[in-house]
Amino acid sequence: MLSAHIQDQINRELKKYPADQRQSAVMSALRFVQDEKGWIATEDMSDIAVFLGMPQMAVYEVASFYHMYNLKPMGKTTLTVCTNLSCTLCGVEDTLAHLKTRLGIGLGEVTADGKIGLREGECMGACKDAPILSINNKKLCGRLTNEKIDRILAELDKS
Amino acid sequence: MINIEIDGKLVETERGTTVMDAAHKAGVYIPHFCYHKKLSIAASCRMCLVEVEKAPKPLPACATPAAEGMKVHTHSEMAVKAQQGVMEFLLINHPLDCPICDQGGECMLQDVAMGYGGGASRYTEEKRVVSPKQIGELISTNEMSRCIQCTRCVRFGQEIAGVMELGMANRSEHAQIMSFVNSSVDSELSGNMIDLCPVGALTSRPFRYTARSWELSRRKSVSPHDGLGSNLAIHVKDNKVLRVVPVENEAVNECWISDKDRFSYEGLNSPERLTRPMIKQGGQWVEVEWAAALEYVANGLRQITRSAGAEHIAALATPHSTVEELYLLQKLMRGLGSGNVDYRLRQSDFSADGKQAGASWLGMPVAEINQCDRFLVVGSFLRKDQPLLAQRIRQAVKKGAEANIVHAADDDLLMPIANKAIVAPGEMVNTLTQVLEALRALKSSGETDNAAATSIAQSLAGGERVAILLGNFAQQHPAAAQIAVLCEQIAVLCRAKFGYLGEAANSVGGYLAGAVPFTGDVQGMNAQQMLDKPRKAYLLLNVEPELDMYNPQQAMRAMSAADMVVCLSAFKHKGMDYADVMLPIAPFTETSGTFVNTEGRAQSFKGAVKPLGDARPAWKVLRVLGNLLEVAGFDYDSSEAVRDEALGAAPVADRLNNHIEGVAIAAAAASSGLQRVSDVPIYSADAIVRRAASLQKTRDAAQPVVMASAAELQKLGVQSGDVVKVTQNGASVQLTAQLSERLPEGVVRIAAGHPATAALGAMFGTITVERA
């Protein structure tokens with residue numbers, strides 16, 4: 001079951017769309033679930049499908065299309081590193097290598113303490129700051145160097 | 001109309017159509033994969049790129065609207081280069097496994113690659129691999145790597161089947177067709193996705209690796225299952241039916257068939273097939289020659305006629321029998337002097353017999369359903385009973401029609417329902433009366449107090465092309481005649497077409513063939529009376545009494561008590577317990593015959609394979625029986641001669657009439673106790689489909705349960721999942737209780753036509769449920 005809070009949020013979102021176009025709110029609905037739980041389980045997608053009156057496969061299509069949605073637990077903080085063309089040209093491979101050694105995990109994995117997850121992402125539209133990563137899809141950190149990554153990780157460690 | 005030019009040919013096409021449509025009209029072939037005339041436009045494969053003069057780049061023909069004066073070249077240098085480029089891209093990830101691919105030889109990709117592809121690939125990198133998924137017993141997705149992502153299957157689910165079970169997950173190179181977390185595809189039309197798939201990604205699981213397409217001979221036939229009479233192509237190798245696919249007939253099944261039509265052929269090859277005539281001697285079944293078996297039957301019938309009178313012989317046949325079989329059966333019976341012949345085995349109300357002006361039919365051509373703008377569907381498990389008629393109503397609703405339902409179960413019809421009245425079976429007559437009153441009140445601007453009835457009436461009154469349709473449940477209802485009369489009156493008030501959704505392939509044909517007790521020169525008992533007053537001898541044509549009859553309990557009692565039971569059957573069945581003779585007859589693929597579908601279309605077919613073993617077409621068996629019993633007029637030399645005599649010279653349409661005269665409406669007394677609601681599950685409806693192994697593994701063929709609303713379960717003191725004892729007329733069975741939010745109070749829903757519930761009594765009536 002979707003929590004009362006999520007249902008409230010979705011209902012507010014639904015006001016933006018025509019009454020017979022409830023499925024327009026699917027992306028927001030998925031986001032609300034992920035903000036609350038950190039990831040989106042199969043049951044959540046089924047619940048959203050029922051809530052919005054759309055096929056569950058259609059929810060899954062959306063959820064699996066966008067890299068912002070975690071379809072498995074990705075830790076308290078998810079770091080999403082862009083691996084598209086601009087970032088690759090600006091050396092994202094080195095960035096990734098450093099992240100992997102520092103965290104001791106590969107792409108799509110979570111640290112043993114469950115704090116940090118690392119995943120690959122698509123272009124975030126900020127190529128001027130390549131290479132780039134996002135923290136929980138909320139905060140962008142660009143022009144990554146090894147030192148800057150260490151600083152970000154240290155800050156995450158404190159919080 | 002606008003004029004466009006395609007490859008120098010001038011074509012006139014309607015405004016709003018596409019270049020692809022115009023090309024079809026002009027007879028110009030444009031290669032394509034994702035385009036399908038019955039599906040929405042995706043324009044995702046890009047194979048149909050053509051050159052349009054004054055356009056700077058090639059355009060997809062399937063998604064480009066035709067415009068006045070447009071000049072299109074499908075074979076110009078630009079078009080061919082574009083097509084070859086697309087082909088090369090499509091083949092990049094496609095495995096080169098045509099020699100072992102089930103689709104090989106009938107593959108669109110293979111054909112188009114021959115025409116537009118190169119001899120070798122320039123691509124040397126790794127190919128994409130897609131892991132196989134498990135989506136049920138009917139469709140195999142083991143080679144999903146072959147998918148070219150045309151999304152035809154996805155669009156079919158959304159647009160035709162009404163439920164999106166497959167979708168395209170992930171994106172770009174990782175995109176793949178799958179179901180929601182490996183759930184099964186349960187649509188009753190799912191098999192059509194196999195036909196639609198232009199490559200070998202979706203293949204038929206029962207058929208896989210049994211034959212190559214070029215080894216198969218194709219024979220036309222007609223579906224023996226529901227009332228639609230879908231046109232089929234039977235694919236045969238070594239005198240064995242290996243698969244069934246649709247034959248396009250826009251007026252009947254369009255280009256689809258239901259899974260029942262498609263996969264039921266497995267039943268034809270079932271180990272339960274009866275292949276030798278058998279006689280029971282001293283409690284043991286002995287295989288005998290045909291002559292001995294028929295002589296035995298003739299002697300038995302002669303003896304009973306002599307000792308007890310011909311009226312002690314009764315004949316029952318399923319409505320899945322052909323016109324020829326039913327005609328000869330009734331002719332034989334009447335020749336013997338008995339009018340006891342009936343094929344309406346699941347009917348319980350015979351009060352309209354002799355009062356109806358003709359055969360019950362759809363009341364309009366099947367294709368007209370799509371044009372209707374208001375529907376009232378009364379008592380129908382629509383999706384499961386007539387899957388393709390449901391699909392037509394779904395298309396009409398999509399175009400803005402309003403569907404209204406009066407029924408005892410609120411099954412999901414996968415389409416928006418405007419208004420519904422879900423009531424207990426005993427309340428249906430009252431509800432329809434209220435709809436009728438509400439319609440009258442609308443005309444005189446009065447009021448009625450039933451909100452659902454009023455809104456249904458308003459919906460119907462607002463339509464221009466209205467259809468009132470009676471489903472199987474309404475036809476089996478103990479007050480079927482009253483329901484029909486009420487619906488006819490409703491139809492008159494809103495100038496609607498009024499019709500019956502035919503229960504079986506020959507529901508209309510059986511009447512035309514005279515296989516009813518109230519027509520012809522000798523009249524007799526109907527299916528119910530034959531059991532109420534048990535007869536000494538029963539002739540059963542295709543019938544399995546414990547599964548095909550309205551009241552299996554009573555039927556079994558009558559059969560067990562009879563002196564002689566003769567089963568004409570394609571299968572060994574429970575009848576072996578009480579029958580005296582088993583005569584192996586040919587199912588529809590092994591005999592010629594005719595079915596008259598629910599719109600009154602007589603469709604004849606020929607046998608696709610030779611009868612198995614010693615089985616013989618039933619019309620020939622009945623002909624010989626007629627000769628042995630010296631009944632006059634049994635000298636036919638072909639099934640066509642039988643058909644011509646059965647259907648007569650007058651057009652079939654003249655004998656179709658739903659008008660009933662002289663049936664009074666009695667206000668139904670409130671029924672006491674728990675009422676039974678019965679559906680006949682889609683894969684239990686006839687003898688062939690019951691033995692189709694793959695269909696029997698699907699969700700639709702699950703073990704029957706006792707369904708009831710939450711309130712009802714609470715009243716009974718049971719939880720969903722508990723095993724309960726169900727008792728009807730003194731016999732009990734144990735079933736699992738299941739919560740259903742889609743039933744009214746005061747009823748439990750228990751499937752009929754299934755061995756697990758065959759011990760119970762009538763499909764309607766009072767029933768008790770208690771904790772086991």
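Start by selecting B:G463, which counts as partly exposed because it has 19 C-beta neighbours inside 10 Å, where 20 or more would make a residue buried. The model you have open is a predicted one. B:G463 sits in the loop that links helix 12 (451–461) to strand 20 (466–470) of chain B. Add B:D373, B:R374 and B:C494 to the selection: B:G463 is in contact with these residues once its neighbours within four places in sequence are left aside. Now pick B:L328, which is 135 residues from B:G463 along the chain, and draw a distance between the two C-alpha atoms; the separation is 44 Å.

**The sheet at the start of chain B**

Next, go to the open sheet of 5 strands in chain B, whose order is 2-1-5-3-4. The pairing in this sheet is mixed. Its edges are strand 2 (9–13) and strand 4 (59–60) of chain B, and each of these pairs on one side only. In general, strands of a sheet pair through backbone hydrogen bonds, either parallel or antiparallel.

Select strand 1 (residues 2–6) of chain B together with strand 2 of chain B. The two run antiparallel and are joined by 5 bridges. Two residue pairs are worth labelling here. B:I2 faces B:T13 of strand 2 of chain B, and B:I4 has B:V11 of strand 2 of chain B as its bridge partner. Then move to the turn: the hairpin of strand 1 and strand 2 of chain B has 2 residues between the strands, and B:D7 in this hairpin takes a positive phi near 50°.

**Two helices across the sheet**

Keep the sheet on screen and add helix 1 (residues 19–26) of chain B. Helix 1 lies across strand 1, strand 2, strand 3 (49–52) and strand 5 (71–73) of chain B. Its direction is at about 115° to strand 2 of chain B. Helix 2 (residues 77–92) of chain B comes next; helix 2 lies across strand 3 and strand 5 of chain B, and runs at about 160° to strand 3 of chain B.

**Where the chains meet**

Which residues does A:F65 touch, not counting those up to four places away in sequence? Select A:F65 and look across to chain B: the residues are B:N170 and B:R171. A:F65 lies in helix 4 (residues 56–65) of chain A. A:F65 counts as partly exposed because 17 C-beta neighbours fall inside 10 Å.

Now widen the selection to the whole contact, which takes 12 residues from chain B and 9 residues from chain A. On the side of chain B, the largest share, 4 residues, comes from strand 7 (residues 166–169) of chain B. Colour that side by residue type and you will find 7 nonpolar, 3 polar and 2 charged residues.

**Chain A as a whole**

Finish by showing chain A alone. Chain A has 7 helices and 5 strands, and along the sequence they follow the pattern α-α-α-α-β-α-α-β-β-β-β-α. The C-alpha trace of chain A spans about 50 × 35 × 25 Å along its principal axes. Of its 159 residues, 33% count as buried. Among contacts in chain A with a separation of 6 or more, 57% are between residues 24 or more positions apart.

Last, colour chain A by pLDDT. The mean for chain A is 93, and 100% of its residues reach 70 or more. Confidence is highest in helix 1 (residues 4–14) of chain A, at 96, and lowest in helix 7 (residues 146–158) of chain A, at a mean of 91.

Key
Residues numbered from 1 in each chain as written. Chains lettered and ligands numbered in written order. Predicted model: local features only at pLDDT ≥ 70, side-chain atom pairs only at ≥ 80, totals over all residues. Pairing = 2+ DSSP bridges. Contact = placed C-beta atoms within 7 Å. Axes fitted to C-alpha atoms, helices over the stretch in contact; angles between N-to-C directions. pLDDT = per-residue confidence, 0-100. Buried ≥ 20, exposed ≤ 12 C-beta atoms within 10 Å, placed from the backbone. Nonpolar A, V, L, I, M, F, W, Y, C, P; charged D, E, K, R; others polar.
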